[in-house]
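Got your viewer open? Let's take a walk through this model, one selection at a time.

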Amino acid sequence: MQYLYHKEAGDSSLTLKGDAHRYIFKVRRHREGEVIALRNLDDSTVYFYKISSLDKKEAQLLLEKSEVLSIKAKKSLHIAWCVIDPKSVEKVLPTLNEMGVEAITFIYCSRSQKSFKPDFKRLEKILLNSSQQCGRSSLMKLSMCASLEEFLLDNPDAVMMNFSEQKLNNTSAVSTMVIGCEGGFTSKEVALFNSENIMGLDTPLILKSESAVCAVASKLLL
């Protein structure tokens with residue numbers, strides 16, 4: 001763990017209770033007098049606290065020092081992801097977070113199952129746990145959009161991941177990528193994009209939606 005998330009990190013003193021207390025003192029086995037790092041993920045600062053007192057239910061922390069330290073990917077990537085089974089999203093979300101994906105917008109595309117609804121509170125909890133482990137200093141942004149047409153009004157330069165002779169590689173200048181759901185895009189959705197804004201992966205294999213998302217993030221960010 002690179003740091004502990006606490007929404008009030010930065011205050012002169014803090015009290016740790018519940019899950020945070022159990023993780024720091026039962027899992028990580030920190031002791032009174034040690035110094036631990038905390039972030040609030042609202043700024044780029046890491047705050048160092050000394051454990052001033054500790055018992056079985058809570059711990060008191062005193063701020064020792066702070067340091068501005070921004071940890072993020074060198075490139076920016078916004079993924080527009082046609083809605084799939086939330087369980088599949090949850091499996092790969094930590095990986096996308098570790099690679100540095102800046103934002104994900106979930107879109108109800110033509111072949112998305114409308115019964116699938118992302119649980120943003122659950123996804124945020126996954127992102128918090130992942131960020132504490134990988135060290136990133138800002139939380140991935142999550143949002144919803146009703147349709148691909150609506151998304152393109154605000155993101156006209158978005159690129160569609162689809163079958164194409166134009167192949168995506170690690171030098172491609174892409175900052176917003178649209179990934180389809182199972183079954184891919186309809187001809188009407190493909191027609192929303194100019195041919196130069198449609199790119200494919202250099203593989204003869206058919207990827208699942210979540211595999212395609214990871215492949216794209218790896219190509220563009222690592």
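Before we click on anything, one term: a salt bridge here is a side-chain nitrogen of Lys or Arg within 4 Å of a carboxyl oxygen of Asp or Glu. Keep in mind, too, that you're looking at a predicted model.

**Stop 1: the whole chain**

Zoom out and show everything as a cartoon. The protein chain has 222 residues, and 45% of them count as buried. Its secondary structure comes to 6 helices and 11 strands. Along the principal axes, the C-alpha trace spans about 65 × 35 × 30 Å. Switch on a surface if you like: the accessible area comes to about 12300 Å², with 49% of that belonging to carbon and sulfur atoms. Take contacts between residues at least 6 apart in sequence, and 71% of them join residues at least 24 apart.

**Stop 2: two helices side by side**

Now select residues 86-99, which is helix α2, and residues 120-134, which is helix α3. How do they sit against each other? Their axes come within 9 Å and cross at roughly 35°, and the crossing is right-handed. To see the contact itself, show side chains for Val89, Glu90, Leu93, Pro94, Asn97 and Glu98 on α2, then Arg122, Leu123, Ile126, Leu127, Ser130, Ser131 and Cys134 on α3. Colour that set by class and you'll get 7 nonpolar, 3 polar and 3 charged residues.

**Stop 3: a salt bridge between those helices**

Stay where you are and keep just Arg122 and Glu90 as sticks. These two form a salt bridge, with the closest N and O atoms 2.9 Å apart. Arg122 is in helix α3 and Glu90 in helix α2, so the pair ties together parts that are 32 residues apart in sequence. Buried or exposed: which is Glu90? Glu90 counts as buried because its relative accessibility is 19%, and the cut-off for buried is under 20%. Arg122, at 46%, counts as partly exposed.

**Stop 4: the other salt bridges**

A search of the whole structure finds 3 salt bridges, so there's more to select. Try Lys17 and Glu58: their side chains meet in a salt bridge at 3.9 Å, N to O. Lys17 belongs to strand β2 (residues 13-17) and Glu58 to strand β5 (residues 58-68), and this pair, 41 residues apart, links distant parts of the chain. Lys17 counts as exposed at 53% relative accessibility, while Glu58 is partly exposed at 25%.

Next, pick Asp19 and Arg22, whose side chains meet at 2.2 Å, N to O, in a salt bridge. How far apart are they along helix α1? They are 3 residues apart in that helix (residues 18-27), which means a separation of about one helical turn. Asp19 counts as exposed, at 53% relative accessibility, and Arg22 as partly exposed, at 41%.

**Stop 5: a loop residue and its contacts**

For the last stop, select Arg111, in the loop between β7 (103-107) and α3. Arg111 is partly exposed, with a relative accessible area of 42%. What does it touch, leaving aside neighbours within four places in sequence? Light up Cys181, Glu182, Gly183, Gly184, Phe185 and Thr186, which are in contact with Arg111. Then put a distance label between the C-alpha atoms of Arg111 and Phe185: they are 7.2 Å apart, although 74 residues separate them along the chain.

Note on methods. Residues are numbered from 1 along each chain as its sequence is written. This is a predicted model: local features need pLDDT of at least 70, side-chain atom pairs count only at pLDDT 80 or more; totals for chains, interfaces and linings use all residues. Side-chain values use heavy atoms; hydrogens and water are left out. Axes are lines fitted to C-alpha atoms, for helices over the stretch in contact, and angles run from 0 to 180 degrees between N-to-C directions. Helices (H or I, at least four residues) and strands (E, at least two) are DSSP runs, numbered from the N terminus. A crossing is left-handed if the near helix is turned anticlockwise from the far one by less than a right angle, and right-handed if clockwise. Contact means heavy atoms within 4.5 Å. Ala, Val, Leu, Ile, Met, Phe, Trp, Tyr, Cys and Pro count as nonpolar, Asp, Glu, Lys and Arg as charged, and the others, Gly among them, as polar. Buried means under 20% relative accessible area, exposed over 50%, partly exposed in between (1.4 Å probe, protein chains only). Accessible areas come from the Shrake-Rupley method with a 1.4 Å probe; for residues, only the protein chains shown count as cover.
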